[in-house]
Amino acid sequence: MEIACPACGAAGAETMYRAERIPVHSTALLDDAASAIGYPKRDLELALCRQCGFIFNRMFDQALAAYSGRFEESQHFSETFGAFARAFAREIADRCGLKPGRSVLEIGCGKGEFLAELCRVSGCSGTGIDPAFRDDRLGDDRRAGLSFVADTFGPQHYHRLADVVLCRHTLEHIGSVGEFVASIREMIGDRRDVHVVFETPEALRIFSEGAFWDVYYEHAGYLTAGSHARLFRRNKFEIVDLALVYGGQYIVQYAMPATQKGQDQYPIEHDLDRTIALAREFRERAEKQVRQWSEAIAAADASRKRIAIWGGGSKAVAFLTALGISSDRLLVVDKNPFKQGRYLPGSGHRILAPEALRGLPPDLVVAMNPIYQAEIREDLGALGLSPSVVALGC
């Protein structure tokens with residue numbers, strides 16, 4: 001199936017990876033195991049654009065991305081992530097000159113926690129747009145000058161243009177990324193003083209690790225620092241700063257509107273050759289990781305060891321789906337109380353609170369993200385537990 005690159009429009013994208021029958025959403029909250037196991041599934045096919053380095057799911061159907069309040073993506077119940085988010089909010093406030101009387105528009109605000117923190121530390125006003133926003137979630141964090149719209153961003157919201165346009169962990173969910181970035185540039189128009197801040201998962205780590213657990217149907221695109229910057233420069237943005245953060249897992253890009261396409265200027269942008277090489281090796285690396293983890297889980301299970309997956313989010317869904325693990329083989333826990341008692345799409349595992357492990361002590365805990373290992377060990381210690389802890393990607 002020939003599809004032009006959604007980022008640059010070039011033809012001839014190269015197929016690099018396929019996965020069959022994976023859940024179309026990995027953050028959906030399901031009420032019972034049967035609904036979770038029967039959740040809609042589709043095939044995925046990743047394609048590499050050799051011109052700009054953008055990687056996209058050519059099987060992606062935006063119509064299936066029907067986000068609502070029944071989706072749960074928040075990571076703010078982790079102390080590790082919370083500390084990162086607070087520091088990042090302060091950084092944005094300082095770098096973009098946010099203060100009382102200035103404003104932020106966040107596209108893809110989730111449940112609104114980050115925007116509330118940004119407005120709290122800066123005193124600015126803020127508007128968040130996200131179809132999955134829930135008005136009952138912020139509680140005491142709801143403040144004057146903070147408003148939300150449960151909708152998908154589009155021309156109907158151009159009048160909400162603010163001093164800062166913020167978009168975190170949303171770009172990867174957009175099928176037509178070129179059109180999306182162009183729409184933000186169109187909204188800004190002739191203004192030159194608007195700060196544009198994006199945070200997006202970084203793809204080179206995924207491909208170098210063979211991290212099959214970081215490939216989801218609802219991620220329409222996978223960006224490196226270079227393809228991210230090229231996408232924005234193509235749409236007449238000047239890149240003010242470009243960096244990898246959170247253990248190299250996220251791209252953070254600051255930009256301003258420009259009158260013409262600019263030139264590469266950051267060393268981490270020069271990644272096209274490496275992107276192509278790693279993309280072509282990803283299938284083999286991913287298959288090796290699947291074999292190794294299947295063998296490790298099977299060996300632990302054969303030794304009658306109880307295994308707990310720590311993190312009931314997208315990584316767990318991808319991990320369990322790829323390994324084909326049935327729901328009685330292991331436990332899944334998550335600190336997010338809004339996930340607890342619900343079921344993972346695809347595998348049908350019920351998500352437990354960490355406190356449940358007191359009565360079901362695990363011999364092995366598999367952390368879905370290595371950045372949380374220290375926090376997980378601390379939480380386990382507080383429960384009086386000391387199992388072995390290993391992490392994906394280590």
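Which helices and strands are included in what covers the buried residues of H8? In this predicted model, the cover of the buried residues of H8 includes strand S1 (14-23), helix H5 (203-209), helix H7 (272-302), strand S12 (307-310) and S13. Helix H8 is mostly covered, with eight of its 10 residues buried, and these are Ser314, Lys315, Ala316, Val317, Ala318, Phe319, Leu320 and Leu323. Just after H8 comes Gly324, for which phi takes a positive value of about 65 degrees.

Among the buried residues of H8, Lys315 carries a charged side chain, and its place is in the helix spanning residues 314-323. The relative accessible area of Lys315 is 17%, and because the limit for a buried residue is under 20%, Lys315 is classed as buried. The side chain of Lys315 makes a polar contact, at 2.4 Å, with the side chain of Asp214. When neighbours within four places in sequence are left aside, the residues in contact with Lys315 are Arg205, Trp213, Asp214, Tyr216, Met368 and Asn369, so that Asp214 appears both in this set of contacts and as the partner in the polar contact.

Helix H3 (residues 113-122) is likewise largely enclosed by the rest of the structure, because nine of its 10 residues are buried. The buried residues of H3 are Glu113, Phe114, Leu115, Ala116, Glu117, Leu118, Cys119, Val121 and Ser122, and what covers them includes helix H2 (79-95), S4, strand S5 (125-129), strand S6 (146-149) and S7. The residue that follows H3 is Gly123, which has a positive phi near 80 degrees.

Helix H4 (residues 177-188) has 12 residues, for which a rise of 1.5 Å a residue gives an expected span of 16 Å, and the separation of 17 Å between its end C-alpha atoms agrees with this value. H4 is mostly covered, since nine of its 12 residues are buried, namely Val177, Gly178, Phe180, Val181, Ser183, Ile184, Arg185, Met187 and Ile188. These buried residues pack against strand S4 (103-107), strand S7 (164-168), strand S8 (195-201), helix H6 (225-234), strand S10 (237-245) and strand S11 (250-257). S4 and S7 are thus found among the elements packed against H4 and also among those that cover H3. Gly189 follows H4, and its phi is positive, near 60 degrees.

The loop between S7 and H4 holds Glu172, which counts as buried because its relative accessibility is 3%. Neighbours within four places in sequence being left aside, Glu172 is in contact with Thr200, Pro201, Glu218, His219, Ala220 and Gly221. Glu172 and Leu242 are 70 residues apart in sequence, and their C-alpha atoms lie 17 Å apart in space.

Glu172 also takes part in the lining of the largest cavity, together with Pro201, Ile206, His219, Gly221, Tyr222 and Leu223. A search of the whole structure finds one cavity of 30 Å³ or more, and the volume of the largest cavity is about 30 Å³. By class, its lining consists of four nonpolar, two polar and one charged residues. Of the lining residues, Pro201, His219 and Gly221 are also among the contacts of Glu172.

His219 is in contact with Asn57 as well, as are Leu44, Glu45, Leu46, Tyr217 and Ala220, with neighbours within four places in sequence left aside. Asn57 lies in strand S3 (residues 55-57), and its relative accessible area of 4% makes it a buried residue. The side chain of Asn57 reaches the backbone nitrogen of Glu45 at a distance of 3.2 Å, and Glu45 is included in the contacts of Asn57.

A contrasting environment is found for Arg350, which is partly exposed, with a relative accessible area of 42%. Arg350 is placed in the loop between strand S13 (331-333) and strand S14 (351-352). Apart from neighbours within four places in sequence, Arg350 is in contact with Val332, Gly341, Arg342 and Tyr343. A separation of 40 Å is found between the C-alpha atoms of Arg350 and Leu231, which are 119 residues apart along the chain.

Key
Residues numbered from 1 in each chain as written. Heavy atoms only, no water. 1 Å grid on protein atoms, 1.4 Å probe; cavity = no way out; pocket = protein on both sides within 12 Å on 5 of 7 lines; lining within 4 Å. Points joined across faces, edges and corners; volume = space filled by probe spheres on them. Helix = DSSP H or I, 4+ residues; strand = E, 2+ residues; numbered from the N terminus. Buried < 20%, exposed > 50% of the residue type's maximum accessible area, 1.4 Å probe, protein only. Polar contact = N/O pair within 3.5 Å; in protein donor to acceptor, adjacent residues only side chain to side chain. Contact = heavy atoms within 4.5 Å. Expected span 1.5 Å × (residues − 1).
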